[in-house]
Amino acid sequence: MQFLEINLDTFSQASILGFAALTAYILTLLPTNLIIVFPLTKKTGFPQWLLKYRRLIGLLSFFLAVVNGFIFFKQRNFDIFDLKTYFVYFQGVATFIIFTFLAITSNDWSVKRLKKNWKKLQRLTYLAMFLVTWHIWDKMAAHWTYLTPVGIAAITAIIVLFLCRTWIQCQSRPKKHQPTADKVTVLNKSVG
């Protein structure tokens, strides 16, 4: 049973904070995906609870990600004026920029001010979902902890859930090129 024992010394503070940020981020992605892919989960109340606290959980995820990034920034003595730093850490920097926009606009004032554009801006979270996966895979490849495969499995499951949701939504939309029943009836009356 030694393989079940986890030695906390193998985890760095940054890894634990990154995993916590990922967990909170996944919780922000879950409700809509669950409701569409597994409609019966609506009866449990869990997706509604997540929806109610989604912004707060998202801000928690952002805060944890900032602290995670700050720790790595201090540990590795990054040169912010060196462009190579931004190429090497592209996924992390791009995700951080997206999360910053999402965090800044996670308030009622932004919803009122941005109107329809607020939802468009918030959809950047789905791009961030793929960037986070790439970031975890790329940056943790050399030094996996016990948390790394759990994190990768969790974000991959969310991506699969998101792709299922997208497919379901595409299937439920009416096709543009197929005439509806009303149009067919009108066409038949004009012919006869």
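**Close-up views of an all-helical predicted model**

Ile-80 sits in the loop that links helix H3 (54-76) to H4. The model shown in these views is predicted.

**View 1. Ile-80 and the nonpolar surface patch.** Ile-80 belongs to a nonpolar patch on the surface, together with Phe-73, Phe-81, Leu-83, Tyr-86 and Phe-87. The patch covers about 720 Å². Helix H4 (residues 83-88) gives the largest share, 3 residues. Ile-80 itself comes from the loop between H3 and H4. Why can Ile-80 count towards a surface patch? Its relative accessible area is 42%, which makes Ile-80 partly exposed, and patch residues need over 30%.

**View 2. The whole chain.** The chain has 10 helices and 0 strands. Read along the sequence, the pattern is α-α-α-α-α-α-α-α-α-α. Of its 192 residues, 31% count as buried. Contacts often bridge distant parts of the sequence: among those between residues at least 6 apart, 69% join residues at least 24 apart. The exposed area is about 13500 Å². Carbon and sulfur atoms supply 68% of that area.

**View 3. Helix H5 and its buried residues.** H5 spans residues 90-104, 15 residues in total. From first C-alpha to last, the helix reaches 21 Å, close to the 21 Å expected at 1.5 Å a residue. Buried along H5 are Gln-91, Ala-94, Thr-95, Ile-98, Phe-99, Leu-102 and Ala-103. An α-helix has 3.6 residues a turn, so residues three or four places apart point the same way. What do the buried residues of H5 pack against? Their partners are helix H1 (13-37), H3, H4, helix H7 (116-122) and helix H8 (124-140).

**View 4. Ala-94, a buried position in H5.** Ala-94 lies in helix H5. Its relative accessible area is 15%, so Ala-94 is buried; the cut-off for buried is under 20%. How far apart are Ala-94 and His-135 in space, C-alpha to C-alpha? The distance is 9.9 Å, although 41 residues separate the two in sequence.

**View 5. Helix H8 and its packing.** H8 has 17 residues, which should span 24 Å at 1.5 Å a residue. The end C-alpha atoms are 24 Å apart, so the span agrees with expectation. The buried residues of H8 are Thr-125, Tyr-126, Ala-128, Met-129, Leu-131, Val-132, Thr-133, Ile-136, Lys-139 and Met-140. Lys-139 is therefore listed as buried here, under the 20% cut-off. Which helices do the buried residues of H8 pack against? They meet H1, H4, H5, H7 and helix H9 (147-172). The packing of H5 in turn includes H8 among its partners.

**View 6. Asn-68 in helix H3.** Asn-68 is placed in helix H3. Is Asn-68 buried or exposed? At 13% relative accessibility, Asn-68 counts as buried. Leaving out residues up to four places away in sequence, Asn-68 touches Ala-14, Leu-17 and Gly-18.

**View 7. Two cysteines, Cys-164 and Cys-170.** The structure holds 0 disulfides. Cys-164 is partly exposed, with a relative accessible area of 33%. Cys-170 is also partly exposed, at 38%.

Definitions and conventions: Residues are numbered from 1 along each chain as its sequence is written. This is a predicted model: local features need pLDDT of at least 70, side-chain atom pairs count only at pLDDT 80 or more; totals for chains, interfaces and linings use all residues. Side-chain values use heavy atoms; hydrogens and water are left out. Patches are made of residues with over 30% relative accessible area and no salt bridge: like charges are joined within 9 Å, nonpolar side chains (Val, Leu, Ile, Met, Phe, Trp, Tyr) within 5 Å. Accessible areas come from the Shrake-Rupley method with a 1.4 Å probe; for residues, only the protein chains shown count as cover. A salt bridge is a side-chain nitrogen of Lys or Arg within 4 Å of a carboxyl oxygen of Asp or Glu. Helices (H or I, at least four residues) and strands (E, at least two) are DSSP runs, numbered from the N terminus. Buried means under 20% relative accessible area, exposed over 50%, partly exposed in between (1.4 Å probe, protein chains only). The expected span of a helix is 1.5 Å times one less than its number of residues. Contact means heavy atoms within 4.5 Å. A disulfide is a pair of cysteine sulfur atoms within 2.5 Å.
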